[in-house]
Amino acid sequence: MSLFLLPVPISETALHTLPAHTLDVARRLDFFIVERAKTARRFLKAIGIERPIQEINVVEINENDPKPAIEAFLEAVRAGRDVGLMSEAGCPGVADPGAVFVALAHRENVRVSPLTGPSSILLGLMASGMNGQQFAFNGYLSPKRVELARDLHRLEQQSARLRQTQIFIETPYRSQLVLEVALESLQENTRFCVALDLSGPDEWVCSRPIRLWKQGKRAELGKVPAVFLLEAGGG
């Protein structure tokens, strides 16, 4: 038995970002551990899974109480079944709660097979023009303005000290706040990148020093998924 780590499109319209082998594996599985059941079922329908969706076991991870999903996963692999692990978007186990199931698979001597697909973190780094040899992913920063400014200042210092690109994400409805606080808090020569709707129809990537962000027309990010990157002293 195997645990297949199944990337899903970052944008729902971007099935073209998944290779044929990943789609073939997803179509033949009948047991999935997922971040959100509704999204997972919609994805399975979109890729043309052959068996009726009612016959597919889709177990949602409850972050507040993951025990039922863990028990279902262990029951499945101990019965010799293959399992697919899916994130809400992008790669499972990266910035999502799926890593615990990968750790359990290793403990249970289940083969772990990561499949190819899109990662907004890597796509953002690729498109930023920043240091791709040394970088760190920081997940979510504080949602509050004052604390967010402190977080950004800390990442800026860390970037300067380690010569490291700092990457983070935020929920779509706070993207504009992140940009505003970055322009208020970061040094003029710190490079800042916003990567919006990667692989989607509204994809937009802008990477430039803070001083040039301030000179240009104010960007309106809207409520679109985004990845943010900064590199101290890059401008």
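**Exercise 1. Locate Gln166 in this predicted model, state whether Gln166 is buried or exposed, and find which side chains its own side chain meets in polar contacts.**

Step 1. Begin with the secondary structure, where Gln166 is found in strand β7.

Step 2. Turn next to accessibility: the relative accessible area of Gln166 is 0%, and because buried means under 20%, Gln166 counts as buried.

Step 3. Look for N or O partners of the side chain, which makes one polar contact with the side chain of Asn138 at 3.0 Å and another with the side chain of Gln164 at 2.8 Å.

Step 4. Complete the surroundings by leaving aside the neighbours within four places in sequence, after which Gln166 is in contact with Ala136, Asn138, Leu155, Gln158, Ser159, Phe228, Leu229 and Leu230. Asn138 therefore appears both in this contact list and as a polar partner of the buried Gln166.

**Exercise 2. Describe the largest nonpolar core, and say which element gives the largest share of it.**

Step 1. The core holds 23 residues, of which Leu152, Phe168, Leu179, Phe192, Val194, Trp213 and Phe228 touch the most other members.

Step 2. At least two residues each are supplied to this core by α6 (145-162), α7 (175-185), β8 (191-196), α8 (210-215) and β10, and the largest share, six residues, comes from α7.

Step 3. Take Phe168 as an example: leaving aside its neighbours within four places in sequence, Phe168 is in contact with residues including Leu152, Phe192 and Phe228, each of which is also listed with Phe168 among those touching the most other core members.

Step 4. Apart from this core lies another, of 21 residues, among them Val8, Val25, Ala37 and Ile47.

**Exercise 3. Characterise the two pockets by volume, lining and residue class.**

Step 1. The largest pocket has a volume of about 560 Å³ and is lined by 26 residues, with Ala89, Ser120, Tyr140, Ile169 and Pro225 lying nearest its centre. The elements that give two or more residues to this lining are α5 (120-128), β7 (165-170) and β10 (226-231).

Step 2. Sorted by class, the lining of the largest pocket has 15 nonpolar, five polar and six charged residues.

Step 3. The second largest pocket, with a volume of about 240 Å³, has a lining that includes Val8, Pro9, Ile10, Arg36, Phe43, Glu88 and Ala89, and its lining residues divide into seven nonpolar, one polar and four charged.

Step 4. Compare the two linings, and Ala89 is found in that of the largest pocket as well as in that of the second largest.

Key
Residues are numbered from 1 along each chain as its sequence is written. This is a predicted model: local features need pLDDT of at least 70, side-chain atom pairs count only at pLDDT 80 or more; totals for chains, interfaces and linings use all residues. Side-chain values use heavy atoms; hydrogens and water are left out. On a 1 Å grid over the protein atoms alone, a cavity is a set of points where a 1.4 Å probe fits but cannot get out, and a pocket is an open set with protein on both sides within 12 Å along at least five of seven lines; lining residues have an atom within 4 Å of a point. Grid points are joined across faces, edges and corners, and a volume is the space filled by probe spheres set on the points. Helices (H or I, at least four residues) and strands (E, at least two) are DSSP runs, numbered from the N terminus. Ala, Val, Leu, Ile, Met, Phe, Trp, Tyr, Cys and Pro count as nonpolar, Asp, Glu, Lys and Arg as charged, and the others, Gly among them, as polar. Buried means under 20% relative accessible area, exposed over 50%, partly exposed in between (1.4 Å probe, protein chains only). A polar contact is a pair of N or O atoms within 3.5 Å; within protein, one must be able to donate a hydrogen and the other to accept it, and residues adjacent in sequence count only if both atoms are side-chain atoms. Contact means heavy atoms within 4.5 Å. A nonpolar core is a set of buried Ala, Val, Leu, Ile, Met, Phe, Trp, Tyr and Cys residues joined through side-chain atoms within 4.5 Å.
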